[in-house]
Amino acid sequence: MTRVTTTWTTQGTTSAALGTLAAEGASGALSGERGIVYLSAGRVVHVESAFTPDLGALLTPSGAVPPDGWWDAVDRGGTQHRVGHRLVDSGRLAAGALEVCHLGALFDAAYFLLAHDTRAHRFRPGASHWLGAVRSVPVDAVVRETGRRRALLDRIWPDPAIDTAPLTRVPDARAAGLPVRRGRTLTQVDGVRTAAEIASALACRTYRTLVELRRLAAAGLVAPAPPAPAPSVPTADPAGGVWDDPDTALLRRLRDALEAL
Amino acid sequence: MPGIDESLVDAMRLPGARGASLVDWISGLALGAVGDAPAGDWEATAAETAELARHVAENGSLGAGGTAPSDREPAVEDLIATTADAYHLFRFVSTPFDSTVFLHLWLDRNDGNLALARIRLAEMADRLVLG
């Protein structure tokens with residue numbers, strides 16, 4: 001059991017709070033404005049954000065794991081925080097595939113949480129993610145990678161609004177001869193959806209979708225949609241709510257699954 | 001079933017292997033690495049080699065014109081770079097979900113066997129994601 005001080009609360013940013021918790025070897029869940037970082041012995045084991053599809057949304061639409069297999073793993077492994085192990089142990093997913101997919105999701109979510117680096121909200125010592133231990137990454141590697149990704153995206157088109165705002169097609173812009181993936185991304189731009197929703201719809205990694213969207217913006221084909229005139233209640237995805245309790249993510253998914261039966 | 005580290009350790013068993021890594025080519029991030037890094041630093045190596053891989057993966061010229069169309073993405077399987085004393089072998093990993101990774105194997109030119117390494121690295125890439 002590690003002793004966690006409250007030093008992290010004096011830090012002005014989520015990344016600085018993470019640095020403090022890492023130095024203390026802390027385990028638990030740190031909530032920020034755009035997601036939650038799960039730490040184990042001071043290393044990052046998972047990151048979740050409402051702005052990125054979770055593992056299930058990446059693995060099931062592609063057929064890498066059949067939906068009932070995914071839910072079976074969540075069902076049997078969720079409460080013990082061993083969903084990842086269950087997927088591998090039951091032969092539904094190769095160990096390497098789980099690690100690659102998990103790291104992809106971890107760094108994609110970290111980008112949203114840390115590129116918009118506001119003060120962390122709270123830390124729940126000992127809280128762990130239902131996915132369970134897959135691979136861990138040092139906090140400084142996650143922070144460094146986020147900075148690098150932000151610079152890479154800004155080099156393509158320096159408008160961070162593309163990452164989070166509803167996106168719209170620029171009228172009369174000619175979109176001939178686009179590479180397949182970029183064209184496919186463009187077809188999902190409808191004036192309402194955000195990059196995260198487009199990534200989910202295509203079952204694509206979010207960072208790669210951001211790259212394509214910033215390229216489309218640089219080509220003058222896509223722009224942030226002007227704000228809607230009437231106050232509309234966002235009916236975004238179930239994950240779009242409040243990030244108060246790490247276990248609510250699991251509960252929401254269970255609820256969605258039950259409703260889908 | 002091998003994970004990332006086991007696969008890289010496996011790759012290091014090939015004759016002449018100096019270093020191996022798994023790199024995400026869309027971001028330039030090293031997801032794992034073992035042995036020596038070509039420039040002494042895996043992060044820098046990953047960022048540089050990812051630029052090359054990204055160009056090849058995203059621009060159709062090298063993958064186009066084949067007589068056997070495939071769903072494989074990217075169409076290119078490997079890249080090989082040679083220097084006076086080394087080979088660099090890059091193998092794109094084809095996954096059943098959306099991902100953008102390649103294996104990079106750095107081989108000593110005197111001790112390494114490029115043909116053998118190419119076949120083995122392809123097998124390792126498949127085992128990594130398919131079990």
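**Exercise 1. Find which domains make up chain A of this predicted model, and how far apart their centres lie.**

Let's begin with the division: chain A splits into domain 1, covering 7-153, and domain 2, covering 158-224. Next, take the centres over C-alpha atoms; those of domain 1 and domain 2 of chain A are separated by 25 Å. The model used here is predicted.

**Exercise 2. Work out how many residues each domain of chain A brings to the contact, and which helices supply the side of domain 1 that touches domain 2.**

Start with the count: 12 residues come from domain 1 of chain A and 11 residues from domain 2 of chain A. Then look at the domain 1 side, where helix 2 (55-59), helix 5 (95-115) and helix 6 (139-156) of chain A each provide at least two residues. Helix 5 of chain A gives the most to this side, with three residues. Finally, sort the domain 1 side by class: seven residues are nonpolar, three polar and two charged.

**Exercise 3. Decide how helix 8 and helix 10 of chain A are oriented to each other: roughly parallel or roughly perpendicular?**

First, locate them: helix 8 spans residues 180-187 and helix 10 residues 206-218 of chain A, and their axes come within 10 Å. Now read the crossing angle, roughly 85 degrees. Angles of 65 to 115 degrees count as roughly perpendicular, so helix 8 and helix 10 of chain A are roughly perpendicular to each other.

Who touches whom? Helix 8 of chain A uses Arg181(A), Arg182(A), Thr185(A) and Leu186(A), while helix 10 of chain A uses Thr209(A), Glu212(A), Leu213(A), Arg215(A) and Leu216(A). By class, this helix 8 and helix 10 contact holds three nonpolar, two polar and four charged residues.

Technical notes: Residues are numbered from 1 along each chain as its sequence is written. Chains are lettered from A and ligands numbered from 1 in the order in which they are written. This is a predicted model: local features need pLDDT of at least 70, side-chain atom pairs count only at pLDDT 80 or more; totals for chains, interfaces and linings use all residues. Axes are lines fitted to C-alpha atoms, for helices over the stretch in contact, and angles run from 0 to 180 degrees between N-to-C directions. Helices (H or I, at least four residues) and strands (E, at least two) are DSSP runs, numbered from the N terminus. Angles under 35 degrees count as roughly parallel, over 145 as roughly antiparallel, 65 to 115 as roughly perpendicular and the rest as oblique. Two residues are in contact if their C-beta atoms, placed from the backbone, lie within 7 Å. Ala, Val, Leu, Ile, Met, Phe, Trp, Tyr, Cys and Pro count as nonpolar, Asp, Glu, Lys and Arg as charged, and the others, Gly among them, as polar. Domain bounds come from an automatic or database domain assignment.
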